[in-house]
Amino acid sequence: STTPVGPKKPPLKEQIIQRSKKPAEPREVKEHFDPARFISAGAVMLNLALTNHPDCGWQLGKMANVIGDSGAGKTLLALTGMACVSVEPSQEDVDLIFDDAENALEFDLSTVFGDALADRIEMLDPPSENVEVFSDNLSLAIRRKNRFMYVLDSFDATGCEDDTAHY
């Protein structure tokens, strides 16, 4: 048996508007909005929530702190965003830096996200063990003069230099 082919669905944004229970109120779009200054957050709905643009989520040059309970998916969210950047031709110049301060990343990036991310991501070794090392690592990324996406997983895992002194 064959599956019948139905009518073509409208674009996702139109489907969302059609199914919404309350009318959409247009958000003010700033005249200087430049999509080249953004990278995808990894999901159309999240991009729309962040910027009202289906392809733009995180703004380059800005810090975003994603807060949530352990196991909520913060790491997966960050890596999904990195995976989107890794396959976007217009963002092939964006450095992808993952700083696993928790030392908790245990899945195979190639299997979960594909070779594009696994080949491009820079896993900091050693990861930042305190905020001073994080600051140094971030400064190094800035001095490269390349656009970059830097994920620190997680800020809560970093203490201060005095807390991590090795005697």
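Four aromatic pairs are counted in this predicted model. One of them joins phenylalanine 134 and phenylalanine 155: the ring centres are 6.2 Å apart and the planes stand at 75 degrees, so the pair is edge-to-face. Planes over 60 degrees apart get that label. Phenylalanine 134 sits in helix α6, residues 131-143. Phenylalanine 155 sits in the segment after β5, which spans 148-152. The contact therefore ties together parts 21 residues apart in sequence.

How accessible are the two partners, phenylalanine 134 and phenylalanine 155? Phenylalanine 134 is buried, with a relative accessible area of 10%. Phenylalanine 155 has 47% relative accessibility and counts as partly exposed. The cut-off for buried is under 20%, and exposed starts over 50%. Ring pairs also bring in Tyr150, so that Phe134, Tyr150 and Phe155 form a cluster.

**Salt bridges**

The model has three salt bridges. The table gives each pair with its N to O distance.

| Basic residue | Acidic residue | N to O distance |
|---|---|---|
| Arginine 147 | Aspartate 93 | 2.9 Å |
| Arginine 144 | Aspartate 95 | 3.4 Å |
| Arginine 144 | Glutamate 122 | 2.8 Å |

Take the bridge between arginine 147 and aspartate 93. Arginine 147 lies in the loop between α6 and β5, and aspartate 93 lies in the loop between α3 and β3 (95-99), so the bridge ties together parts 54 residues apart in sequence. Arginine 147 is partly exposed, at 26% relative accessibility. Aspartate 93 is also partly exposed, at 41%.

Arginine 144 bridges to aspartate 95. This pair links distant parts of the chain. Arginine 144 is in the loop between α6 and β5, aspartate 95 is in strand β3, and 49 residues separate them. Arginine 144 is partly exposed, with 35% relative accessibility.

Arginine 144 has a salt bridge to glutamate 122 as well. Glutamate 122 belongs to strand β4, residues 121-123. Here the parts tied together are 22 residues apart in sequence. Glutamate 122 is partly exposed too, with a relative accessible area of 29%.

Which residues are joined into one network by salt bridges that share partners? They are Asp95, Glu122 and Arg144.

**The largest pocket**

Now the open space. Rolling a probe the size of a water molecule over the atoms shows where empty space is left. The largest pocket has a volume of about 1600 Å³. Its lining holds 49 residues. Nearest the centre lie Trp58, Lys62, Met63, Ala64 and Asn65.

Several elements give two or more residues to this lining. The helices are α2 (44-51), α3 (74-87) and α6. The strands are β1 (38-39), β2 (58-59) and β5. Which element gives the largest share of the lining? Strand β5 does, with five residues.

By class, the lining has 23 nonpolar residues, 15 polar residues and eleven charged residues.

**Where the pieces meet**

Helix α6 recurs in this picture. It holds phenylalanine 134 of the edge-to-face pair, and it gives two or more residues to the pocket lining. The loop between α6 and β5 carries arginine 147 and arginine 144.

Definitions and conventions: Residues are numbered from 1 along each chain as its sequence is written. This is a predicted model: local features need pLDDT of at least 70, side-chain atom pairs count only at pLDDT 80 or more; totals for chains, interfaces and linings use all residues. Side-chain values use heavy atoms; hydrogens and water are left out. Rings of Phe, Tyr and Trp (its six-membered ring) pair if their centres lie within 6.5 Å; planes under 30 degrees apart count as stacked, over 60 as edge-to-face and the rest as tilted. Helices (H or I, at least four residues) and strands (E, at least two) are DSSP runs, numbered from the N terminus. Buried means under 20% relative accessible area, exposed over 50%, partly exposed in between (1.4 Å probe, protein chains only). On a 1 Å grid over the protein atoms alone, a cavity is a set of points where a 1.4 Å probe fits but cannot get out, and a pocket is an open set with protein on both sides within 12 Å along at least five of seven lines; lining residues have an atom within 4 Å of a point. Grid points are joined across faces, edges and corners, and a volume is the space filled by probe spheres set on the points. Ala, Val, Leu, Ile, Met, Phe, Trp, Tyr, Cys and Pro count as nonpolar, Asp, Glu, Lys and Arg as charged, and the others, Gly among them, as polar. A salt bridge is a side-chain nitrogen of Lys or Arg within 4 Å of a carboxyl oxygen of Asp or Glu.
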